[in-house]
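Subject: Handing over a structure

Dear colleague,

I am passing on a structure for you to look through, and below it you will find notes on what came out of it. Please keep it open beside you while you read.

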Amino acid sequence: MPAAAAEGGALLDRLAACVGAVIESTETSPDQKRQAIFVLGETPGATSALLLQSASRLYEPTLRLGAVAAMLLRNDISGLQLAAEALLLPAEGPPSETTQNLLSGISVGVKNPLAVPTLATLLRQGNDPVRRAAASALVHTASQSAIDALAQALDDGDYQVRYYAVVGLADITGQRDWRPNTDDFRDREASYLSYWKEWRRAR
(Lines give C-alpha, C1' and ligand atoms only; values in the text may rest on other atoms or scores of the structure.)
Protein backbone atom coordinates (compact mmCIF):
# COMPACT_ATOMS: atom_id res chain seq x y z
CA MET A 1 0.00 0.00 0.00
CA PRO A 2 1.42 3.45 -0.87
CA ALA A 3 2.58 5.42 2.17
CA ALA A 4 0.15 8.28 1.47
CA ALA A 5 -2.80 5.88 1.37
CA ALA A 6 -1.72 4.21 4.60
CA GLU A 7 -1.30 7.57 6.30
CA GLY A 8 -4.73 8.68 5.07
CA GLY A 9 -6.31 5.50 6.37
CA ALA A 10 -4.70 5.96 9.77
CA LEU A 11 -5.95 9.55 9.90
CA LEU A 12 -9.52 8.43 9.15
CA ASP A 13 -9.26 5.76 11.84
CA ARG A 14 -8.11 8.35 14.39
CA LEU A 15 -10.95 10.65 13.37
CA ALA A 16 -13.46 7.83 13.71
CA ALA A 17 -12.11 6.94 17.15
CA CYS A 18 -12.54 10.54 18.32
CA VAL A 19 -16.09 10.65 17.00
CA GLY A 20 -16.82 7.29 18.60
CA ALA A 21 -15.77 8.71 21.96
CA VAL A 22 -18.56 11.28 21.63
CA ILE A 23 -21.10 8.49 21.26
CA GLU A 24 -19.75 6.54 24.22
CA SER A 25 -19.49 9.52 26.55
CA THR A 26 -22.09 9.89 29.30
CA GLU A 27 -21.64 13.68 29.12
CA THR A 28 -22.76 14.26 25.52
CA SER A 29 -26.37 14.99 24.60
CA PRO A 30 -28.52 12.77 22.37
CA ASP A 31 -28.28 15.42 19.63
CA GLN A 32 -24.48 15.38 19.83
CA LYS A 33 -24.54 11.59 19.62
CA ARG A 34 -26.82 11.75 16.56
CA GLN A 35 -24.41 14.14 14.89
CA ALA A 36 -21.51 11.84 15.72
CA ILE A 37 -23.32 8.86 14.18
CA PHE A 38 -23.89 10.90 11.03
CA VAL A 39 -20.18 11.76 10.86
CA LEU A 40 -19.23 8.10 11.29
CA GLY A 41 -21.57 7.20 8.47
CA GLU A 42 -19.68 9.62 6.22
CA THR A 43 -16.25 8.38 7.33
CA PRO A 44 -14.84 5.43 5.37
CA GLY A 45 -12.78 2.72 6.98
CA ALA A 46 -12.98 -0.30 9.23
CA THR A 47 -12.89 1.67 12.48
CA SER A 48 -15.98 3.71 11.64
CA ALA A 49 -17.76 0.53 10.51
CA LEU A 50 -17.05 -1.15 13.84
CA LEU A 51 -18.13 1.91 15.80
CA LEU A 52 -21.42 2.08 13.90
CA GLN A 53 -22.03 -1.56 14.73
CA SER A 54 -21.41 -0.75 18.38
CA ALA A 55 -23.78 2.23 18.18
CA SER A 56 -26.47 -0.03 16.74
CA ARG A 57 -26.65 -1.66 20.17
CA LEU A 58 -27.38 1.58 22.04
CA TYR A 59 -30.45 1.63 24.27
CA GLU A 60 -32.03 4.77 22.80
CA PRO A 61 -34.07 3.70 19.72
CA THR A 62 -33.44 6.79 17.59
CA LEU A 63 -29.69 6.53 18.06
CA ARG A 64 -29.70 2.79 17.53
CA LEU A 65 -31.70 3.02 14.30
CA GLY A 66 -29.67 5.99 13.11
CA ALA A 67 -26.58 3.83 13.32
CA VAL A 68 -28.37 1.01 11.50
CA ALA A 69 -29.36 3.38 8.70
CA ALA A 70 -25.74 4.49 8.31
CA MET A 71 -24.63 0.85 8.24
CA LEU A 72 -27.16 -0.02 5.55
CA LEU A 73 -25.87 2.79 3.34
CA ARG A 74 -22.49 1.03 3.49
CA ASN A 75 -24.07 -2.32 2.56
CA ASP A 76 -23.52 -3.58 6.09
CA ILE A 77 -26.64 -5.68 6.64
CA SER A 78 -25.88 -6.82 10.16
CA GLY A 79 -28.58 -4.44 11.40
CA LEU A 80 -31.11 -5.13 8.64
CA GLN A 81 -33.39 -7.20 10.87
CA LEU A 82 -33.61 -4.32 13.36
CA ALA A 83 -34.51 -2.00 10.50
CA ALA A 84 -37.16 -4.40 9.22
CA GLU A 85 -38.78 -4.73 12.64
CA ALA A 86 -38.95 -0.94 12.97
CA LEU A 87 -40.32 -0.42 9.47
CA LEU A 88 -43.05 -3.03 9.89
CA LEU A 89 -44.49 -1.37 12.98
CA PRO A 90 -47.85 0.37 12.38
CA ALA A 91 -47.17 3.84 11.02
CA GLU A 92 -48.57 6.84 12.87
CA GLY A 93 -48.49 10.00 10.79
CA PRO A 94 -45.86 10.88 8.16
CA PRO A 95 -42.54 9.02 8.15
CA SER A 96 -40.07 10.27 10.74
CA GLU A 97 -36.52 11.29 9.87
CA THR A 98 -35.34 7.97 11.30
CA THR A 99 -37.75 6.04 9.09
CA GLN A 100 -36.69 8.03 6.03
CA ASN A 101 -33.04 7.28 6.79
CA LEU A 102 -33.74 3.57 7.12
CA LEU A 103 -35.64 3.55 3.83
CA SER A 104 -32.81 5.39 2.09
CA GLY A 105 -30.23 3.01 3.55
CA ILE A 106 -32.13 0.00 2.24
CA SER A 107 -33.04 1.46 -1.14
CA VAL A 108 -29.62 2.88 -1.99
CA GLY A 109 -27.09 0.97 0.06
CA VAL A 110 -28.14 -2.65 0.35
CA LYS A 111 -26.64 -4.90 -2.34
CA ASN A 112 -25.73 -8.04 -0.41
CA PRO A 113 -27.59 -11.13 -1.71
CA LEU A 114 -27.79 -12.40 1.87
CA ALA A 115 -30.35 -9.64 2.46
CA VAL A 116 -32.87 -11.16 0.02
CA PRO A 117 -35.02 -13.08 2.56
CA THR A 118 -35.53 -10.02 4.76
CA LEU A 119 -36.12 -7.79 1.74
CA ALA A 120 -38.71 -10.25 0.45
CA THR A 121 -40.53 -10.03 3.79
CA LEU A 122 -40.54 -6.24 3.60
CA LEU A 123 -41.85 -6.46 0.05
CA ARG A 124 -44.75 -8.65 1.17
CA GLN A 125 -45.67 -6.91 4.39
CA GLY A 126 -44.58 -3.27 4.22
CA ASN A 127 -46.45 -0.12 3.31
CA ASP A 128 -45.80 1.61 -0.03
CA PRO A 129 -42.51 3.37 0.90
CA VAL A 130 -41.16 0.22 2.55
CA ARG A 131 -42.05 -1.95 -0.45
CA ARG A 132 -40.42 0.53 -2.81
CA ALA A 133 -37.20 0.49 -0.80
CA ALA A 134 -37.21 -3.31 -0.60
CA ALA A 135 -37.85 -3.68 -4.33
CA SER A 136 -35.04 -1.26 -5.17
CA ALA A 137 -32.64 -3.18 -2.93
CA LEU A 138 -33.67 -6.50 -4.50
CA VAL A 139 -32.72 -5.07 -7.88
CA HIS A 140 -29.35 -3.96 -6.50
CA THR A 141 -28.55 -7.44 -5.17
CA ALA A 142 -28.48 -8.70 -8.79
CA SER A 143 -29.12 -12.12 -7.27
CA GLN A 144 -30.96 -15.07 -8.73
CA SER A 145 -32.45 -15.55 -5.28
CA ALA A 146 -34.34 -12.26 -5.72
CA ILE A 147 -36.28 -13.47 -8.75
CA ASP A 148 -39.24 -15.01 -6.91
CA ALA A 149 -39.88 -11.90 -4.83
CA LEU A 150 -39.56 -9.60 -7.84
CA ALA A 151 -41.85 -11.82 -9.92
CA GLN A 152 -44.53 -11.62 -7.24
CA ALA A 153 -44.13 -7.83 -7.16
CA LEU A 154 -45.40 -7.61 -10.75
CA ASP A 155 -48.88 -7.64 -9.17
CA ASP A 156 -48.08 -4.98 -6.57
CA GLY A 157 -50.52 -2.11 -6.19
CA ASP A 158 -47.76 0.50 -6.34
CA TYR A 159 -46.47 1.73 -9.71
CA GLN A 160 -42.88 2.20 -8.53
CA VAL A 161 -42.71 -1.30 -7.08
CA ARG A 162 -43.96 -2.76 -10.36
CA TYR A 163 -41.31 -0.80 -12.23
CA TYR A 164 -38.54 -2.10 -9.98
CA ALA A 165 -39.90 -5.64 -10.44
CA VAL A 166 -39.66 -5.40 -14.23
CA VAL A 167 -36.22 -3.78 -14.18
CA GLY A 168 -34.89 -6.30 -11.69
CA LEU A 169 -36.15 -9.29 -13.62
CA ALA A 170 -34.67 -7.94 -16.85
CA ASP A 171 -31.30 -7.25 -15.22
CA ILE A 172 -31.03 -10.54 -13.37
CA THR A 173 -32.15 -12.73 -16.28
CA GLY A 174 -30.14 -10.76 -18.85
CA GLN A 175 -33.19 -9.93 -20.97
CA ARG A 176 -32.19 -6.36 -21.71
CA ASP A 177 -34.74 -5.96 -24.51
CA TRP A 178 -37.42 -6.14 -21.83
CA ARG A 179 -35.81 -3.62 -19.49
CA PRO A 180 -37.67 -0.31 -19.81
CA ASN A 181 -36.53 3.13 -18.84
CA THR A 182 -39.01 5.19 -16.86
CA ASP A 183 -40.58 6.75 -19.97
CA ASP A 184 -40.97 3.38 -21.72
CA PHE A 185 -42.60 1.88 -18.66
CA ARG A 186 -45.01 4.78 -18.27
CA ASP A 187 -46.09 4.47 -21.91
CA ARG A 188 -46.12 0.67 -22.20
CA GLU A 189 -46.53 -0.67 -18.70
CA ALA A 190 -49.20 -3.21 -19.71
CA SER A 191 -46.94 -4.74 -22.37
CA TYR A 192 -44.00 -5.12 -20.01
CA LEU A 193 -46.14 -6.59 -17.25
CA SER A 194 -47.79 -8.99 -19.69
CA TYR A 195 -44.42 -10.22 -20.92
CA TRP A 196 -42.97 -10.78 -17.48
CA LYS A 197 -46.11 -12.39 -16.09
CA GLU A 198 -46.06 -14.83 -18.98
CA TRP A 199 -42.38 -15.47 -18.32
CA ARG A 200 -43.25 -16.11 -14.65
CA ARG A 201 -45.93 -18.63 -15.59
CA ALA A 202 -43.59 -20.44 -17.98
CA ARG A 203 -40.73 -20.83 -15.47
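The lining of the largest pocket is made up, by class, of 6 nonpolar, 7 polar and 4 charged residues. Please bear in mind from the start that this is a predicted model, and that the values below were computed from it. The space that lies in this largest pocket comes to about 440 Å³. There are 17 residues that line the largest pocket, and those closest to its centre are Arg34, Phe38, Gly66, Glu97 and Asn101. The elements that each give two or more residues to this lining are α2 (30-42), α4 (61-73) and α6, and of the elements it is α2 that gives the most, with 7 residues.

The second largest pocket has a volume of about 330 Å³. It is lined by 18 residues, of which Ala86, Leu89, Ala91, Pro95 and Thr99 are the closest to its centre. By class, the lining of the second largest pocket divides into 12 nonpolar, 5 polar and 1 charged. At least two residues of this lining are supplied by each of α5, α6 and α8 (128-141), with the largest share, 4 residues, coming from α6. If you look back at the largest pocket, you will see that α6 also gives two or more residues to the lining there.

Now for the chain as a whole. It holds 11 helices and 0 strands, and the C-alpha trace spans about 60 × 50 × 25 Å along its principal axes. Three pairs of these helices are described next, and for each of them it may help to find the two helices in the model before you read on.

How do α5 and α6 pack? Helix α5 (residues 80-87) and helix α6 (residues 97-109) pack at an angle of about 130°, and their axes are 11 Å apart. An angle between 115 and 145 degrees falls outside the ranges for roughly perpendicular and roughly antiparallel, and α5 and α6 are therefore oblique to each other. The crossing of these two helices is left-handed. On the α5 side the residues that meet the partner are Leu80, Ala83, Ala86 and Leu87, while on the α6 side they are Thr99, Leu102, Leu103 and Ile106. Sorted by class, the contact of α5 with α6 has 7 nonpolar residues, 1 polar residue and no charged ones. Two of the residues named in this contact, Ala86 and Thr99, have come up before, since both are listed among those closest to the centre of the second largest pocket.

The second pair is helix α7 (residues 116-125) and α8, whose axes come within 8 Å and cross at roughly 150°. Angles over 145 degrees count as roughly antiparallel, and α7 and α8 are therefore roughly antiparallel to each other. Here too the crossing, in which α7 passes α8, is left-handed. From α7 the contact takes in Val116, Leu119, Leu122 and Leu123, and these meet Val130, Arg131, Ala134, Ala135, Ala137, Leu138 and Thr141 in α8. The residues of this contact divide into 9 nonpolar, 1 polar and 1 charged.

The third pair brings us back to α2, the element that gives the most to the lining of the largest pocket. The axes of α2 and helix α3 (residues 46-55) come within 9 Å and cross at roughly 145°, and α2 passes α3 in a left-handed crossing. Ile37, Leu40 and Gly41 of α2 make the contact together with Ser48, Leu51, Leu52 and Ala55 of α3. By class, these residues divide into 5 nonpolar, 2 polar and no charged.

Finally, one single residue may be worth finding for yourself, namely Thr98, which lies in helix α6. Which residues does Thr98 touch, if those up to four places away in sequence are not counted? They are Thr62 and Leu65. Thr98 and Ala133, for their part, are 35 residues apart in sequence and 14 Å apart in space, taken from C-alpha to C-alpha.

With best wishes

Terms used
Residues are numbered from 1 along each chain as its sequence is written. This is a predicted model: local features need pLDDT of at least 70, side-chain atom pairs count only at pLDDT 80 or more; totals for chains, interfaces and linings use all residues. Side-chain values use heavy atoms; hydrogens and water are left out. Axes are lines fitted to C-alpha atoms, for helices over the stretch in contact, and angles run from 0 to 180 degrees between N-to-C directions. Angles under 35 degrees count as roughly parallel, over 145 as roughly antiparallel, 65 to 115 as roughly perpendicular and the rest as oblique. A crossing is left-handed if the near helix is turned anticlockwise from the far one by less than a right angle, and right-handed if clockwise. Contact means heavy atoms within 4.5 Å. Ala, Val, Leu, Ile, Met, Phe, Trp, Tyr, Cys and Pro count as nonpolar, Asp, Glu, Lys and Arg as charged, and the others, Gly among them, as polar. On a 1 Å grid over the protein atoms alone, a cavity is a set of points where a 1.4 Å probe fits but cannot get out, and a pocket is an open set with protein on both sides within 12 Å along at least five of seven lines; lining residues have an atom within 4 Å of a point. Grid points are joined across faces, edges and corners, and a volume is the space filled by probe spheres set on the points.
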